[in-house]
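Let's take a walk through this protein together. Have a look at the picture first, then read on.

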Amino acid sequence: MKRLILMRHAKSDWSRGMVDHERPLNKRGQASAAALGNWLRRQDLLPDQALCSTATRTRETLERLGLDIPTRYEERLYHAGPVAMLKCLSEAEGETVLVVGHNPGIGAFAQEVLADPVGHARFADYPTGATLVAEFDISDWSELREGTGIARGFVIPRELLEENAD
């Protein structure tokens, strides 16, 4: 059994006129990434490997999760589509792997790998920070096939931040 955590980077800062690859998280994105890390810990969903796009906003999202795990920064995950994501994931070694990437690719990949769609109003548009947890009945990531995952959780940062505000 393998577990996949697919996370879109948290909200980024568009105000500085930087090139896309270099955009950092904004304040809300920073808080969202920390909340996602806390959610993973509370749910006992800690990954043992991360695959992360090389963009500043994905690297910062991963850093603010507060996880101490082996990480591979992958240029090919920068704006990757489902085919590139599957190829990258097929080389993973962890039992629970976190992939931090970008839309529209990560949202499309999330939809393609599941046997059944997630019943969440925001799953289809996969907003910033959206995080899917799925399990696969495979022994090696190279065996992963489209439409075989079982969703075990889906959350967006807004839900976590509102929960903490109560």
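## Starting with one pair

Keep in mind that this is a predicted model. Let's begin with M7, whose bridge partner in β5 is T131. That pair belongs to a bigger match-up: β1 and β5 run antiparallel and are joined over 6 bridges.

## The whole sheet

How many strands does the open sheet have, and in which order do they come? There are 6, and they go β3-β2-β4-β1-β5-β6, with mixed pairing. A bit of background: strands in a sheet pair through backbone hydrogen bonds, and they can do so in a parallel or an antiparallel way.

Now check the edges. β3 and β6 (150–155) sit there with a single partner strand each, so one side of each has no neighbour in the sheet. On average, neighbouring strands are turned by 15° against each other, if you ignore direction. Helix α2 packs on this sheet and touches β1, β2, β3 and β4. The direction of α2 makes about 155° with that of β2.

## A closer look at β2

Is β2 buried or exposed? Of its 5 residues (49–53), 5 are buried, so this strand is largely enclosed by the rest of the structure. Q49, L51 and S53 point one way, while A50 and C52 point the other way, and all of them are buried.

β2 has partners on both sides of it in the strand order β3-β2-β4. With β4 it pairs in the parallel sense over 4 bridges, and A50 stands opposite L98 there. With β3 (residues 71–74), β2 also runs parallel, again joined by 4 bridges, and here A50 stands opposite T71. Add helix α2 (residues 56–64) and you get a right-handed β-α-β unit made of β2, α2 and β3.

## Two nonpolar cores

In soluble globular proteins, nonpolar side chains tend to be buried together. In this model, the largest nonpolar core has 28 residues, and L6, L89, Y126, L132 and W141 have the most contacts inside it. Two or more residues come from each of β1 (2–8), α3 (82–90), β4 (96–101), α4 (105–113) and β5 (131–136). Which element gives the largest share? That's α4, with 4 residues.

Let's zoom in on Y126. Leaving aside neighbours within four places in sequence, Y126 is in contact with L6, R8, N103, I106, G107, A110, T131, L132 and F154. There is also a second, separate core of 18 residues, with I5, L67, L98 and L160 among them. You've met L98 already: it is the β4 residue opposite A50.

Conventions. Residues are numbered from 1 along each chain as its sequence is written. This is a predicted model: local features need pLDDT of at least 70, side-chain atom pairs count only at pLDDT 80 or more; totals for chains, interfaces and linings use all residues. Side-chain values use heavy atoms; hydrogens and water are left out. A nonpolar core is a set of buried Ala, Val, Leu, Ile, Met, Phe, Trp, Tyr and Cys residues joined through side-chain atoms within 4.5 Å. Buried means under 20% relative accessible area, exposed over 50%, partly exposed in between (1.4 Å probe, protein chains only). Contact means heavy atoms within 4.5 Å. Two strands pair if DSSP finds at least two bridges between them. A crossover is right-handed if, with the strands pointing away from the viewer, the path from the first strand over the helix to the second runs clockwise. Axes are lines fitted to C-alpha atoms, for helices over the stretch in contact, and angles run from 0 to 180 degrees between N-to-C directions.
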